[in-house]
Amino acid sequence: MISLPRSPVTNLLLFLFLGLSILAPPSRAQLQLHVPATKLQAVEGGEVVLPAWYTLQGEVSSAQPREMPFVMWFFQLKEENEEQVLAYINGATTSKRGVSLVYSMPSRNVSLRLKGLQEKDSGPYSCSVNVQDKEGTSRGYSIKTLELNVLVPPAPPSCRLLGVPRVGANVTLSCQSPRSKPAAEYQWDRQLPSFQTFFAPALDIIRGSLSLTNLSSSMSGIYVCKAHNEVGTAQCNVTLEVSTGPGAAVVSGAIVGTLVGLGLLAGLVLLYHRRGKALEEPANDIKEDAIAPRTLPWAKSSDTISRNGTLSSVTSARALRPPHGPPRPGSLTPTPSLSSRVLPSPKLPTTDGGHTRAVTTIPGGVSSSALGRMGAVPVMVPAQSQAGSLV
């Protein structure tokens with residue numbers, strides 16, 4: 001509540017209000033303030049009337065003489081501080097917004113009406129009344145206190161599903177209201193496809209949780225949670241669908257794993273193709289300024305053609321070179337090596353007296369038989385035609 005600022009005039013009137021009740025001589029009538037109940041309850045957002053009225057005891061007649069009441073209402077704050085919510089002094093009323101007297105003054109009924117209640121309006125309210133007659137004589141003074149408790153209905157709760165709803169698994173349905181006075185209690189029911197009410201130990205009415213174990217397909221449906229207290233009810237619902245396949249997390253993991261595997265495979269294939277192409281490019285690279293390989297010449301004189309046109313063996317050997325000087329005693333005689341030169345073609349065989357004899361002339365005067373004894377190896381040389389092609 002918003003406290004009313006106390007002006008100097010108000011403080012003066014309050015002093016007079018209290019001083020008159022003490023200093024003025026009491027009359028034969030005594031004021032008595034009545035409240036039917038000391039504890040009241042109201043609902044947040046609504047309104048409430050704090051009932052109070054006064055009577056004068058010892059009156060001679062039922063006719064009320066002309067009297068002037070002074071009425072003040074206070075709200076007891078924490079730390080023993082008071083807040084003025086309404087004051088009626090000398091025919092003028094001062095009050096905060098949403099606060100008023102039920103009856104027009106002057107009246108012996110001084111009940112207070114509060115509108116637009118909030119939870120913070122809960123607390124003790126004090127009413128004080130001082131009455132004077134037309135001569136200014138005090139007729140009495142009294143004060144009473146009432147306790148107001150503003151209740152709050154449950155705010156709409158939030159429903160959640162904790163766990164993976166598949167066959168054989170366990171899940172928990174949670175329900176909690178963010179605001180309630182007094183604290184709300186909870187009840188879970190299944191509405192569809194068939195009505196079912198749950199009790200302890202599966203249901204926790206204080207925490208609002210419902211434990212479902214060993215799920216089956218028949219447990220699927222719409223579950224409704226109701227949060228309630230003595231002044232209101234609110235509800236929420238959650239849909240439970242029990243699946244028979246793997247959980248959503250397993251499926252998501254399999255999909256992600258497959259995508260990653262495919263990506264790695266594609267990368268390996270691309271790397272393999274690039275590496276193969278890099279190896280093929282040097283082999284296929286033909287340089288324009290490259291030198292053609294040199295062709296070994298064939299000496300025409302080294303061709304041996306037999307009578308039947310077949311290739312004959314050509315034996316080539318290096319002529320033994322005579323030593324430049326007399327060999328020294330104890331020294332080894334150098335072994336004659338084969339000459340790298342191409343040997344001339346052997347002469348055709350001649351006929352002498354009916355005997356055919358092949359005579360081969362070797363440069364340096366060494367016969368073919370001698371070369372054979374020296375370890376020479378016969379080499380097959382392809383014949384060459386006059387046009388220069390191999391036969």
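1. In which helix is the place of leucine 259? Leucine 259 sits in helix α2, which covers residues 248–284. The model discussed here is a predicted one.

2. Leucine 259 has a relative accessibility of 56% and therefore counts as exposed, the cut-off being over 50%. Together with Ile255 and Leu262, Leu259 makes up a nonpolar patch on the surface. The accessible area of these three residues together is about 310 Å².

3. Turning to the cysteines, the structure has two disulfides. With bonded cysteines counted along the protein chain, the pairing pattern is 1-4, 2-3.

4. One disulfide is formed by cysteine 159 and cysteine 236, with an S to S distance of 1.8 Å. Cysteine 159 belongs to strand β12 (residues 158–162) and cysteine 236 to strand β19 (residues 232–240), so this pair links distant parts of the chain, 77 residues apart. The torsion about the S-S bond of cysteine 159 and cysteine 236 is about 80°, and the disulfide is therefore right-handed. Cysteine 236 has a relative accessible area of 12% and is buried.

5. The other disulfide connects cysteine 175 with cysteine 225, and here the S to S distance is 2.1 Å. What is the handedness of the disulfide between cysteine 175 and cysteine 225? The torsion about their S-S bond is about -85°, so this disulfide is left-handed. Because cysteine 175 lies in strand β13 (residues 171–176) and cysteine 225 in strand β18 (residues 221–229), the pair ties together parts that are 50 residues apart in sequence. Are cysteine 175 and cysteine 225 buried or exposed? Both cysteine 175 and cysteine 225 are buried.

6. A further cysteine to note is cysteine 127, which counts as buried because its relative accessibility is 0%, against a cut-off of under 20%.

7. The largest nonpolar core contains 29 residues. Which residues touch the most other members of this core? They are Leu50, Trp73, Val110, Leu112, Leu114, Val129 and Leu148. Strand β10 (residues 123–133) gives the most to this core, contributing four residues.

8. A second core, separate from the largest one, has 20 residues. Among them are Cys159, Met219, Tyr223 and Ala227. Cys159 thus appears both in this second core and in the disulfide with cysteine 236. As general background, nonpolar side chains in soluble globular proteins tend to be buried together.

Notes
Residues are numbered from 1 along each chain as its sequence is written. This is a predicted model: local features need pLDDT of at least 70, side-chain atom pairs count only at pLDDT 80 or more; totals for chains, interfaces and linings use all residues. Side-chain values use heavy atoms; hydrogens and water are left out. A disulfide is a pair of cysteine sulfur atoms within 2.5 Å. Helices (H or I, at least four residues) and strands (E, at least two) are DSSP runs, numbered from the N terminus. Buried means under 20% relative accessible area, exposed over 50%, partly exposed in between (1.4 Å probe, protein chains only). A nonpolar core is a set of buried Ala, Val, Leu, Ile, Met, Phe, Trp, Tyr and Cys residues joined through side-chain atoms within 4.5 Å. Patches are made of residues with over 30% relative accessible area and no salt bridge: like charges are joined within 9 Å, nonpolar side chains (Val, Leu, Ile, Met, Phe, Trp, Tyr) within 5 Å. Accessible areas come from the Shrake-Rupley method with a 1.4 Å probe; for residues, only the protein chains shown count as cover. A salt bridge is a side-chain nitrogen of Lys or Arg within 4 Å of a carboxyl oxygen of Asp or Glu.
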